[in-house]
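The exercises below are to be worked with the sequence and the model at hand. Each task is followed by a solution in steps.

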Amino acid sequence: MATQIGSFKSLTDNDRTSSKVKLHEAIPLTGTIISGTYGVFPDDTNVKNYSHGMFQSVYDYPYLSSSANHIIDLTVGWATDSGLSGSANVTQRNAKNDMYNEMWQLLPGYNVSGTIQKLDVSGAFGSSTAIDKMNEVCVFNFARLLTKDEIQKQANDGFTMTLGVNSTFASPWTKTLTIYDKNGNTPYYTNSPSGEYNLLYATGSGFGADAPRPCGLLFYQAGIAVLTSSVFTSEYVENCEMNAAADTIAELFVTGAISASCDSLRHRVQNISFNNTTELNSSIYFCRANHGEFNYSSNPTYLSSSQIRVKNVSTDNPVSYITTVGLYSEDNALLAVAKVSEPLKKDPGQEYTLRVRLDY
């Protein structure tokens, strides 16, 4: 690149550098936004269901409003060999299996034999331990508006989700389960086509002696949290009534539509919080005007009757005013323009170094 301040000057490698910083923003999602603020549960006006019935979208305002921002998609699914998949009178059997397969192609991907791998709470997709496998899952897919480049990898006080796990549907918050990213920034797993991920652990009131216990996975770059549906069973705390009909999570997965399972899931989310990450890359150019450079201007108004306007007598030093820096390509194409806050007076007695930063 070259700089132009009335004329050109080539930049050398010593005149340019680069930097990278990560910016973080706290994202709190209260349960009242996810369920209960707009409309009457389960017919919240900020919750959108689709004719395909594959997932449910939650907005921060009634979704028909132009002011609404998409914040999260919810869905559920099960593996083909799940014990629930073979039940009689299953609602959306294929859709639930399709959602599982879609998430699994995206997250763990395929093994060397070309088979879709299952996710499990050990983090080892190829684990042969049956108890680790997540055959029935709840999926939280956070909008890119919230996660930006990724969810920040942060130990203990990073990603957290609080679920109501009391047995009764009407009063879920008597007992709570806190889901959190225990290991945080290290160590994390890298054997996913969607980037880095780590284990989610559960602990909370009435949990038991084995807390904390792994219960799911958090994919940082994908912005997806996957929980085993067992968090709503006595395997963790209690068998929860997931709707007013007192269906368990297994009964709801079998007889209910995906949207019904998402409604029940929203009903038990108390809050979600995490920090997002925006990676800011910068190219920095040091545009140097030495004492003998850029003391004249190519602006036509610099001259009047072939005389320099800013000189009273011919022996005066030349003077110019720097107002703009242009960055050009090698073939003289203008790529970027930077303006100074006020004109800089330039004469042979002064030198300047103008620092131009391009962020992307």
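## Exercise 1: Strand β7 and its partners

In this predicted model, strand β7 (residues 56-59) directs Q56 and V58 to one side and S57 and Y59 to the other, and all of them are buried.

Task. Determine which strands pair with β7, and in which sense.

Solution.
1. Begin with the side chains. In a regular strand they alternate between the two faces of the sheet. The division of Q56 and V58 from S57 and Y59 can be read off in β7.
2. Turn to strand β6 (residues 47-49), which runs antiparallel to β7 and is joined to it by three bridges. Within this pair, V47 has V58 as its bridge partner.
3. Examine the connection. The hairpin of β6 and β7 has six residues between the strands, and G53 adopts a positive phi near 70° there.
4. Turn to β8. Four bridges link it to β7, again in the antiparallel sense. Here H70 of β8 stands opposite Y59.

## Exercise 2: Two covered helices

Task. State which residues of helix α2 (residues 93-106) are buried, and against which elements they pack.

Solution.
1. Check the geometry. The 14 residues of α2 reach 20 Å from first to last C-alpha, close to the 20 Å expected at 1.5 Å a residue.
2. List the buried positions: A95, K96, N97, M99, Y100, M103 and W104.
3. Recall the helical repeat. An α-helix has 3.6 residues a turn, so residues three or four places apart point the same way. M99 and M103 are among the buried positions to inspect with this in mind.
4. Identify the packing partners. The buried residues of α2 pack against β8, β9 (136-142), β15, α4 and α5.
5. Continue to α5 (residues 258-267), one of these partners. This helix is mostly covered, with eight of its 10 residues buried. They are I258, S261, C262, D263, S264, L265, R266 and H267.

## Exercise 3: The nonpolar cores

Task. Find which residues have the most contacts inside the largest nonpolar core.

Solution.
1. The core in question has 49 residues, and the most contacts inside it belong to F140, F142, F159, L163, I179, F232 and I272.
2. Strand β8 (residues 70-78) gives this core its largest share, five residues.
3. Apart from this core lies another, of 20 residues, which includes A79, W104, L217 and I224.
4. Take F159 as a case. Residues up to four places away in sequence aside, F159 touches F142, I179, Y180, D181, L200, L218, A225, I272, S273 and F274.

## Exercise 4: Classifying single residues

Task. Decide whether S230, C240 and C287 are buried or exposed.

Solution.
1. Apply the cut-off: a residue is buried under 20% relative accessible area.
2. S230 has a relative accessible area of 15% and is therefore buried. It is found in the loop between β15 (224-228) and α4 (249-255). Beyond its neighbours within four places in sequence, S230 is in contact with E235 and Y236.
3. C240 counts as buried because its relative accessibility is 1%. C287, at 2%, is likewise buried.
4. Consider the cysteines further. A disulfide is a covalent bond between the sulfur atoms of two cysteines. The structure holds zero disulfides.
5. Set these residues against the whole protein, in which buried residues make up 46% of the 360 residues.

Methods: Residues are numbered from 1 along each chain as its sequence is written. This is a predicted model: local features need pLDDT of at least 70, side-chain atom pairs count only at pLDDT 80 or more; totals for chains, interfaces and linings use all residues. Side-chain values use heavy atoms; hydrogens and water are left out. Buried means under 20% relative accessible area, exposed over 50%, partly exposed in between (1.4 Å probe, protein chains only). Contact means heavy atoms within 4.5 Å. A nonpolar core is a set of buried Ala, Val, Leu, Ile, Met, Phe, Trp, Tyr and Cys residues joined through side-chain atoms within 4.5 Å. A disulfide is a pair of cysteine sulfur atoms within 2.5 Å. The expected span of a helix is 1.5 Å times one less than its number of residues. Two strands pair if DSSP finds at least two bridges between them.
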